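Colleague: Hi! Could you walk me through this one?
Modeller: Happy to, let's look at it together.

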Amino acid sequence: MAMLLQARRVLTQTLPRYNSKSPQTFVKLLGSTHGLHDNVTKRKLFNPNETSGKVITCNAAIIRGPRQPFLMETIRVDPPKKMEVRIKILYTSICHTDLGAWKGENEAQQAFPRILGHEAVGLVESVGEGVTDVKAGDHVIPIFNGECGHCSYCKTKTSNLCQTYRVNPFKSVMEHDGKCRFSTKDGEPIFHFLNTSTFTEYTVLDSACVVKIDPNAPPQEDDLVKLWHLYW
Ligand SMILES: [Zn+2]
Ligand SMILES: [Zn+2]
């Protein structure tokens, strides 16, 4: 709990649109407190025809070193490459795993600048080559413990720790080419976190790390996100 409160303070001090009255630790990057479906139908969040295949410029909370303040910066988000998806983040929360990376407790974990965050709800903006299980407009949850569906771990019934996309706090680049999809306005690469990086208006993930959800699920009541809070 202490860690959670500390995390709340971090975000309260650094993210201007943090909703301190929320019963959860949701950060309101965009959207209303109604269901996801309401958000999408009442407000035109983006037009995939205008953004697909192009670099998107948006806001993100970035850390530039251990225990450094979260900085709201304008960043560039590349289009998704093969078997990747680009997502518009609607809501995101923080837990102690983010805080551990923020503190830089393990030297091997230190990769800066970086976008943290691994618990969120979003909307698919566009998909890369080969992605067939989700499409633009789908509501999804990013998964930090993804599943490729092909490796021996994914095929066995006794484990879901995928060989490629299992939880790995040391991984900071995309699987496809070992590069970042985020960069500053000056072209400086910004590192990924835990297969997800959700403290940004747009993020890019491997398609193995997203799960499609019911668009009518109210995001602030989302059972999965609640479970994650309990688990971590
Ligand atoms: Zn967590
Ligand atoms: Zn796998």
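Colleague: Which residue of strand 8 is the bridge partner of I87?
Modeller: That would be T203. Keep in mind that this is a predicted model.

Colleague: How many bridges join strand 3 to strand 8, and do they run parallel or antiparallel?
Modeller: The two strands are joined by 5 bridges and run antiparallel. Along the pairing you can also find V85, which stands opposite L205 of strand 8.

Colleague: Back to I87, what is it in contact with beyond its neighbours within four places in sequence?
Modeller: Its contacts include Y202, T203 and L205. I87 is also in contact with G122, L123, V124, E125, V140 and P142.

Colleague: Now strand 8 itself, how many of its residues are buried?
Modeller: Of the 5 residues in strand 8 (residues 202-206), 5 are buried, so the strand is largely enclosed by the rest of the structure. Both of its faces are covered: Y202, V204 and D206 are buried on one side, and T203 and L205 on the other.

Colleague: Where does strand 8 sit in the sheet?
Modeller: The sheet is an open one of 5 strands, in the order 8-3-4-5-9, and the pairing is antiparallel. Strand 8 is an edge strand, as is strand 9 (210-212), and each of them pairs on one side only. From one strand to the next, the twist averages 45°.

Colleague: Changing topic, how many residues are in the largest nonpolar core?
Modeller: That core has 40 residues, and I62, I87, I115 and L116 have the most contacts inside it. Several elements give two or more residues to the core, among them strand 1 (56-62), strand 2 (71-77), strand 3, helix 4 (96-103) and strand 8. As background, nonpolar side chains in soluble globular proteins tend to be buried together.

Colleague: You mentioned helix 4. Which of its residues are buried?
Modeller: They are T97, D98, A101 and W102. Looking down the axis of helix 4, you would see the buried residues fall within an arc of 140°, so they line one face of the helix.

Colleague: And what follows helix 4?
Modeller: G104 does, and its phi is positive, near 65°. Further on, the loop between helix 4 and strand 4 holds Q109.

Colleague: Is Q109 buried or partly exposed?
Modeller: Q109 is partly exposed, because 18 other C-beta atoms lie within 10 Å, while a buried residue needs 20 or more.

Colleague: What is Q109 in contact with, leaving aside its neighbours within four places in sequence?
Modeller: Q109 is in contact with A101, G104, P169 and F170. Its C-alpha atom is also separated by 9.6 Å from that of N168, and those two residues are 59 apart along the chain.

Colleague: Zooming out, how many helices and strands are there in the protein chain?
Modeller: There are 6 helices and 9 strands. The chain has 232 residues, of which 37% count as buried.

Colleague: What is the mean pLDDT of the chain?
Modeller: The mean is 79, and 74% of the residues reach 70 or more. Over residues 1-42, though, the pLDDT is below 50. Residues 227-232 stay under 50 too. Where pLDDT is low, the predicted coordinates should not be read in detail.

Technical notes. Residues numbered from 1 in each chain as written. Chains lettered and ligands numbered in written order. Predicted model: local features only at pLDDT ≥ 70, side-chain atom pairs only at ≥ 80, totals over all residues. Buried ≥ 20, exposed ≤ 12 C-beta atoms within 10 Å, placed from the backbone. Helix = DSSP H or I, 4+ residues; strand = E, 2+ residues; numbered from the N terminus. Pairing = 2+ DSSP bridges. Core = buried A, V, L, I, M, F, W, Y, C linked by C-beta atoms within 7 Å. Contact = placed C-beta atoms within 7 Å. Arc of directions from axis to C-beta. Axes fitted to C-alpha atoms, helices over the stretch in contact; angles between N-to-C directions. pLDDT = per-residue confidence, 0-100.
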